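Thanks, everyone. Please have a look at the chain on the screen, and then I'll walk you through it.

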Amino acid sequence: MTRMDEESTGRDRQGGMALGLQGMSKGYAAPAWPRASHRARAPAVLDALAGSMLVQFVREPALVGGVVPSSNVLARAMSRQARGYPAVIELGAGTGAVTRCLVAEHAEAVLTVIEREPLLARRIATSFPRARVRIGCVHERVDDLLAQPARAVAVSSLPFRSLPGNVAATTIAAIERFLLDHPERRLVQYSYGLRAPFAFRDARLAWRRVERVWRNVPPAIVWVAGSRLL
Ligand SMILES: C[S@@+](CC[C@H](N)C(=O)[O-])C[C@H]1O[C@@H](n2cnc3c(N)ncnc32)[C@H](O)[C@@H]1O
């Protein structure tokens, strides 16, 4: 493809959109052609923006639940609770802040990730090839949850307080089954308020508050749930 072809199609050699060049007439004295590195960077910047928590939040506020990723401090506090488990399943990995810690701190564990947003899920798969990434909502991927071995921990960033009622109810039912199938299983979840993330319907399950994390926007509390915690 010649440079002029690129101008008239608005596409750069990598196949991405060359910003600001669409619709340019052939007689137009073009400004200095941006260096290749700039042209390659424009789609990359747009791609990064599209996958940011802010853009995701604007698109689906109830399903994303926040505008900034979890801080490193919160991610490490969540990851600590997965220590010693041979299998970890992350629910709602978003931008991968918690995934990064899980991969780094639990190298020996089998890590499965469920994320409903395809763009974010693909990024997690590319950034963390060791993770088995499943695209979809947790209540649609119950088999992946229940197929975990007996000693497994679910590490969740799901925004239970803002999820649509029916999605929250079916997701909670799936998590209850996951926990009750094997009493040693645990759920790790953070909340922004003081209340537990959600109420269990089954009285055999309970929450334990494990850590307050001030260095997060907003400050959060890490909780662990399971049976025999009372
Ligand atoms: C609070 S954000 C993720 C925070 C994450 N720790 C981070 O730092 O990026 C919640 C994520 O859960 C995902 N999500 C929401 N509902 C879901 C569901 N039912 N199943 C799977 N993922 C879900 C959203 O797409 C979003 O990426």
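**Ligand shell, sheet and core**

Let's start at the ligand. The residues of its shell split into 15 nonpolar, 8 polar and 3 charged. Keep in mind that this is a predicted model. In total, 26 residues surround the ligand, and the closest are Pro 69, Gly 92, Gly 94, Thr 95 and Ala 97. Which elements give two or more residues to that shell? Helix 4 (61–64), helix 6, strand 2 (110–115) and helix 9 (165–181).

Now the sheet. It is open, with 7 strands in the order 3-2-1-4-5-7-6, and the pairing is mixed. Strand 3 (132–135) and strand 6 sit at the edges, each pairing on one side only. From one strand to the next, the twist averages 20°. Take one pair: strand 4 and strand 5 run parallel, over 4 bridges. Ser 156 has Gln 189, in strand 5, as its bridge partner.

Next, the helices on the sheet. Helix 5 lies across strands 4, 5, 6 and 7, at about 145° to strand 6. Helix 9 lies across strands 4, 5, 6 and 7, at about 55° to strand 7.

Stay with helix 5, residues 72–80. Its buried residues are Leu 74, Ala 75, Ala 77, Met 78 and Ser 79. They pack against helix 6 (97–105), as well as strands 4, 5, 6 and 7.

Last, the core. The largest nonpolar one has 48 residues. Met 78 is among those with the most contacts inside it, and so is Val 153. Beyond four places in sequence, Val 153 contacts Gln 81, Ala 82, Tyr 85, Val 88, Arg 185, Arg 186 and Val 188.

Terms used: Residues numbered from 1 in each chain as written. Predicted model: local features only at pLDDT ≥ 70, side-chain atom pairs only at ≥ 80, totals over all residues. Buried ≥ 20, exposed ≤ 12 C-beta atoms within 10 Å, placed from the backbone. Contact = placed C-beta atoms within 7 Å. Core = buried A, V, L, I, M, F, W, Y, C linked by C-beta atoms within 7 Å. Near = placed C-beta within 6 Å. Nonpolar A, V, L, I, M, F, W, Y, C, P; charged D, E, K, R; others polar. Pairing = 2+ DSSP bridges. Axes fitted to C-alpha atoms, helices over the stretch in contact; angles between N-to-C directions.
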